[in-house]
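Hi everyone, thanks for making time. I'd like to walk you through a structure you may not have met before, so have a look at it while I talk.

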Amino acid sequence: MKRLLRLLNGPRLALSFAVAVAVAPVPLSAADAVVSAPADESPLVLWYDRPAAKWVEALPVGNGRLGAMIFGGPQQERLQLNEGTLWAGGPYDPVNPAAKEALPLVRDLVNAGKYREATALVSAKVMARPLEQMPYQTVGDLLLTFPGTTNVAGYRRELNLPEATATVRYTQDGVRFTRELFASAPDDVIVFRLTADQPGKVSFVAGMRSPMNVTVETVGGDTLVLRGRGGDASGVKGQLSYQCRVKIRASGGQIRAGTNEVSVANADEVTLLVAAATSFRRFDDVSGDPELRVTQALTAAAPKSPDQLRTAHLTDYQALFGRVTLDLGRTEAARLPTDTRIQRFAQGGDPQLATLYYQFARYLLISASRPGGQPAPLQGLWNESKSPPWGGKYTININTEMNYWPAESGNLAECVEPLIAMVNDLTLTGARTARSMYGARGWVVHHNTDLWRATAPIDGPNWGMWPCGGAWLCLHLWDRYEFSGDPADLKRIYPVLKGACEFFLDTLQEDPSRRWLVTNPSISPENEHPRGSALCAGPTMDMQILRDLFAHTARACQILGVDEDLRRQLTTARARLAPNQIGASGQLQEWLEDWDLQAGDIHHRHVSHLYGLYPGRDITRRDTPELAAAVAKSLEIRGDKATGWATAWRIGLWTHLGQGDHAYDILKFLLSPERTYPNLFDAHPPFQIDGNFGGAAAIAEMLVQSRVGEIELLPALPKAWPTGRVAGLRARGGWEVEVTWQDGKLSQATFRSLHGGTTRVRYQAQTREIKLARDETFRWNGE
């Protein structure tokens with residue numbers, strides 16, 4: 001823990017910039033925030049009384065494709081920019097040509113208990129070439145340098161969640177300055193507006209820099225142009241070209257362009273329009289024209305006034321964000337700066353910070369994951385590095401999935417579309433891997449993928465030799481159907497589910513001693529067992545995931561009236577999968593053997609074998625109470641504190657055990673400075689966005705949980721939230737739910753059926769069957 005604290009609080013790694021034009025960084029003065037502005041009364045605002053000194057203090061905006069982090073320095077503003085398709089490398093096939101021949105021997109070694117030998121063979125013959133995938137990269141920075149003294153008062157920097165707008169305000173030399181930043185999805189630009197309360201007072205010099213290989217110039221007397229290429233990585237040449245343009249429009253004053261900077265003098269107000277694009281068209285096509293895309297975006301946006309741009313942005317964004325409202329109570333603590341509230345949250349007395357955290361996650365998902373764009377990777381849309389931690393890519397043994405846990409219940413189904421699109425891509429590259437690596441039908445993806453949809457095992461046997469990444473992703477496709485209740489969604493996802501099942505029907509192996517069907521080789525993600533390796537056969541998580549996959553696909557066959565032979569095969573194979581087992585210490589076993597308490601790290605961050613409780617369907621506290629008790633024992637052994645995302649998963653698991661107060665105690669740790677940065681980003685550490693989404697999902701699961709056929713109200717309500725209200729949450733089966741509670745007890749719940757249907761509602765020991773027509777509502781007080 002001390003080491004983690006040092007990482008969290010230590011200095012940020014310096015960036016080595018390839019281009020640093022005339023605008024050089026200006027150090028922040030202590031006077032930058034001498035006097036802070038009073039707190040806004042709006043409850044869904046992150047605010048601070050000083051500029052961001054580090055990236056994890058800056059505030060994010062995004063439109064699903066373009067992202068920016070705003071720092072808010074009075075003397076120098078930094079906007080760190082991202083474009084969701086700017087990745088290193090290009091289309092490539094990393095499958096090891098020796099893998100197919102080696103796998104039978106690997107399986108024999110695993111069956112013989114020769115795990116170290118099996119690991120060595122996998123490392124030599126099975127792992128991907130190259131061994132690493134491609135990293136997500138940064139566009140660079142837009143820097144604005146301002147004249148004036150350091151005599152700054154009334155400073156306030158904020159992010160307004162209902163408006164998806166970051167604002168900086170301060171008074172300098174008697175002039176009140178305001179900066180507003182938002183990322184517009186309808187206009188496909190980032191809009192940055194600078195105003196003053198006196199005419200002729202807006203002056204600055206604008207330039208750009210990047211750690212990438214770029215050039216910077218000006219065109220047209222008012223526009224900065226940065227051109228660059230995606231980097232090389234692991235022997236794969238960078239094949240993407242990209243461009244970022246910043247068009248500057250001023251009311252009054254003068255604009256002058258130099259070689260690689262633009263200066264504005266004595267304007268009344270200024271609007272900067274930022275557009276960026278790459279040559280990416282698809283995972284196998286890099287023939288796009290980034291200059292055409294950015295010039296078209298700027299040409300369309302430039303004639304519009306700032307107010308017109310803002311109105312279109314708000315109309316688009318609020319149609320998504322405004323669907324869910326949450327009130328967990330509010331105290332005077334809500335008037336404090338957000339970083340102060342994080343420092344104090346564990347002391348209690350600030351329930352509204354949990355509300356802010358939940359809605360911030362919804363804001364992040366809307367900002368990072370929109371139809372037509374890429375799904376949210378490890379850091380979402382935001383990354384300042386050429387080589388971010390873990391490549392900033394898609395880790396699909398938990399992290400990518402967790403990014404989408406709050407989406408369906410949080411009424412953001414549209415935000416799942418990029419994930420579904422990526423899975424469809426993976427069926428193509430994954431089919432190639434299934435054929436050439438396993439000699440199997442269907443498709444497979446291991447524990448990571450990237451922009452190029454690589455599907456072979458990477459990093460090393462103890463991390464990458466896990467074939468169930470695609471199978472887990474299929475749960476999100478099934479959730480899309482379950483939450484919508486729309487047969488069209490099921491028809492759309494069925495070919496993906498079918499292909500995933502075909503791979504496992506071809507590759508499951510018979511355990512020689514117990515005749516169960518198991519995966520082999522595999523791992524329980526990233527956790528070594530006591531035989532000197534992570535490599536094994538039939539880890540519990542795999543079996544749970546496959547039980548879900550086979551059951552859902554068989555159900556789809558039945559609903560759609562297709563593939564009866566496949567349905568029978570899946571039903572038969574599912575019955576032969578290795579079962580959940582309870583170990584000698586009362587825990588749910590992580591492996592076929594009772595190795596849990598002999599493993600090298602019994603407090604391991606991953607709790608993979610507990611997938612069956614949450615988010616899976618294998619275990620519930622009512623239907624399988626013995627297994628639920630074993631999950632609780634495993635959680636006790638693992639401990640409550642872990643990395644950011646792993647802490648969030650533990651909260652979600654305890655909510656599904658009905659232990660709201662225990663879950664809340666862990667939430668206090670998640671929302672502490674150890675696991676939450678000043679800007680509310682999750683601290684693994686370093687920053688990973690999955691913890692934000694996992695924590696938000698757990699908050700929703702405390703209030704409403706659903707399986708098809710049942711909606712449970714307040715299943716894990718903590719004492720810290722005695723009175724509150726949530727409206728707009730979605731439940732499986734095509735339902736929308738509103739819940740109000742007082743003094744820890746249900747006051748009223750309202751259910752709306754989106755398509756018409758029947759469900760059972762539960763509150764504590766009380767249940768009620770309801771059947772509603774389309775858009776009909778029903779109110780219930782729990783009696």
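Let me start with a puzzle: is the crossing of α17 and α18 left-handed or right-handed? While you look for that pair, keep in mind that what you see is a predicted model. Okay, the crossing of α17 and α18 is left-handed. On the α17 side, the contact is made by Gly-644, Thr-647, Ala-648, Arg-650, Ile-651, Trp-654 and Thr-655. From α18 come His-662, Ala-663, Ile-666, Leu-667, Phe-669 and Leu-670.

How are those two helices placed? Helix α17 covers residues 644-656 and helix α18 covers residues 660-670. Their axes come within 8 Å and cross at roughly 165°. Angles over 145 degrees count as roughly antiparallel, so α17 and α18 are roughly antiparallel to each other.

There's another helix pair to look at. Helix α14, residues 540-560, packs against helix α15, residues 564-576, at an angle of about 155°, and their axes are 9 Å apart. That makes α14 roughly antiparallel to α15. What is the handedness of the crossing of α14 and α15? It's left-handed. Among the α14 residues that meet α15 are Arg-547, Phe-550, Ala-551 and Cys-557. On the α15 side, the residues include Leu-566, Leu-570 and Arg-574.

Now the sheets. Find the open one with 9 strands: its order is β2-β7-β8-β9-β10-β17-β14-β13-β12, and the pairing is antiparallel. Which strands stand at the edges? They are β2 (45-48) and β12 (213-219); each has a single partner strand, so one side of each is left without a neighbour in the sheet. On average, neighbouring strands of this sheet are turned by 15° against each other, direction ignored.

Zoom in on one pairing in there. Strand β13, residues 223-229, runs antiparallel to strand β14, residues 241-251, and the two pair over 7 bridges. If you want one bridge to click on, take Gly-228, whose partner in β14 is Tyr-242.

Two helices lie across strands of this sheet. Helix α4 (residues 290-301) lies across β10 (189-196), β13, β14 and β17 (269-278), and runs at about 20° to β14. Helix α5 (residues 306-321) lies across β8 (165-172), β9 (175-184), β10, β14 and β17. The angle between α5 and β9 is about 45°.

Next, an open sheet of 4 strands, in the order β25-β26-β30-β31, and here the pairing is mixed. At its edges are β25 (704-707) and β31 (766-772), each with a single partner strand, so one side of each has no neighbour in the sheet. Neighbouring strands of this sheet are turned by 20° against each other on average, direction ignored. Strand β30, residues 757-763, pairs with β31 in the antiparallel sense over 7 bridges. There you'll find Tyr-763 standing opposite Gln-766 in β31. Helix α19 (residues 690-703) packs on the sheet, touching β25 and β26 (710-713). The direction of α19 makes about 85° with that of β25.

Let's go back towards the start of the chain for a hairpin. In a regular strand the side chains alternate between the two faces of the sheet. So what about strand β3, residues 59-62: which of its faces are covered? Both are: Leu-59 and Val-61 on one side and Pro-60 and Gly-62 on the other are all buried. β3 pairs with strand β4, residues 66-70, in the antiparallel sense over 4 bridges. Val-61 stands opposite Ala-68 in β4. The hairpin has 3 residues between its strands, and Gly-64 takes a positive phi near 95°.

A few single residues to finish. Pro-104 lies in helix α2, residues 99-111, and at 42% relative accessibility it counts as partly exposed. The C-alpha atoms of Pro-104 and Asn-520 are 416 residues apart along the chain, yet they are separated by 9.4 Å.

And how many disulfides does a search of the whole structure find? The search finds 0. Take Cys-501, which is in no disulfide: the nearest cysteine sulfur, that of Cys-474, is 7.4 Å away. Cys-501 is buried, with a relative accessible area of 0%. Cys-415 is buried as well, also with a relative accessible area of 0%.

That's my tour. Thanks for listening!

Conventions:
Residues are numbered from 1 along each chain as its sequence is written. This is a predicted model: local features need pLDDT of at least 70, side-chain atom pairs count only at pLDDT 80 or more; totals for chains, interfaces and linings use all residues. Side-chain values use heavy atoms; hydrogens and water are left out. A disulfide is a pair of cysteine sulfur atoms within 2.5 Å. Buried means under 20% relative accessible area, exposed over 50%, partly exposed in between (1.4 Å probe, protein chains only). Two strands pair if DSSP finds at least two bridges between them. Axes are lines fitted to C-alpha atoms, for helices over the stretch in contact, and angles run from 0 to 180 degrees between N-to-C directions. Angles under 35 degrees count as roughly parallel, over 145 as roughly antiparallel, 65 to 115 as roughly perpendicular and the rest as oblique. A crossing is left-handed if the near helix is turned anticlockwise from the far one by less than a right angle, and right-handed if clockwise. Contact means heavy atoms within 4.5 Å.
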